Amino acid sequence: MKVRFTTLLFLATLLISSAVASAQDTADDFPPPIKTFPRAERVRLDAGTDPGQRVEVALTLLEGYLKKAESLARDENLRASFPELGSFHGVMEYTVTVLRRDSRGTNKDFVSFKKLEMALRVFSPRIELIRRDAPQIYRGYLGQLLKDLRDARSRIIEPFYGNDVVKPK
């Protein structure tokens, strides 16, 4: 009975210490930025009723945010580049959500989806370059941004592979 209690106590201590150690590992990361962008830019994004116009505005905003983040990262000012990357993240998420929500399944929608997907594909290596040169404490968010970028690309191309291609019998 005493051996069983000692073993149980040892396992509980081991479990708690490993949980504390893993919490400390993530606590060393720099906090991620807020995924937001100015209201004026949201109004610009929402002004276009045509999906093509909306994608053009979004790509202009995304390119601007990423260029500024790359410039700041080159100057080794990653703290200042994080708000720019947060705005990039916010515009990307918002654009994908709005395009998917407003999609009517027309050819125009599919062309807009493809244009946005191809642009996001080009942004991925640029963000990877920032992540590769960044100190370890910044890599957590940059890795998450890359994952979210891949997820956004997947969500954009999902309508191309709908389940209504072959009609069930």
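Histidine 89 is buried in this predicted model, with a relative accessible area of just 1%. That puts histidine 89 well under the 20% cut-off for a buried residue. The residue sits in helix H4, which covers residues 78-102. Setting aside the neighbours within four places in sequence, histidine 89 touches Lys35, Tyr141, Leu145 and Asp148. Across the whole protein, 34% of the 169 residues count as buried, and histidine 89 belongs to that group.

As for the overall fold, the protein is built from six helices and has zero strands. Read from the N terminus, the order of elements is simply α-α-α-α-α-α. Taking the contacts between residues at least 6 apart in sequence, 72% link residues at least 24 apart.

One of the helix pairs is H2 with H3, formed by residues 39-47 and residues 51-74. Two packed helices are described by the angle between their axes and the distance between the axes. Here the axes come within 7 Å and cross at roughly 150 degrees. An angle over 145 degrees counts as roughly antiparallel, so H2 is roughly antiparallel to H3. On the H2 side, the contact is made by Glu41, Arg44, Leu45 and Asp46; H3 brings in Arg54, Val57, Ala58, Thr60, Leu61 and Tyr65. Sorted by character, the residues of this contact come out as five nonpolar, one polar and four charged.

What about the length of H3? With 24 residues at 1.5 Å a residue, H3 should span 34 Å, and its end C-alpha atoms are indeed 34 Å apart, so the two values agree.

Just after H3, the backbone does something worth a look: glutamate 76 takes a positive phi of about 60 degrees. Most residues other than glycine have a negative phi. Glutamate 76 lies in the loop between H3 and H4. Is this residue buried or exposed? Glutamate 76 is exposed, since its relative accessible area is 74%, whereas histidine 89, in the helix that follows this loop, is buried at 1%.

Finally, a word on confidence. The mean pLDDT of the protein is 84, and 79% of its residues reach 70 or more. Residues 20-25 are another matter, with pLDDT below 50. Apart from near neighbours in sequence, this stretch has zero contacts in the model. Where pLDDT is low, the predicted coordinates should not be read in detail.

Notes: Residues numbered from 1 in each chain as written. Predicted model: local features only at pLDDT ≥ 70, side-chain atom pairs only at ≥ 80, totals over all residues. Heavy atoms only, no water. Axes fitted to C-alpha atoms, helices over the stretch in contact; angles between N-to-C directions. Helix = DSSP H or I, 4+ residues; strand = E, 2+ residues; numbered from the N terminus. Parallel < 35°, antiparallel > 145°, perpendicular 65-115°, else oblique. Contact = heavy atoms within 4.5 Å. Nonpolar A, V, L, I, M, F, W, Y, C, P; charged D, E, K, R; others polar. pLDDT = per-residue confidence, 0-100. Buried < 20%, exposed > 50% of the residue type's maximum accessible area, 1.4 Å probe, protein only. Expected span 1.5 Å × (residues − 1).
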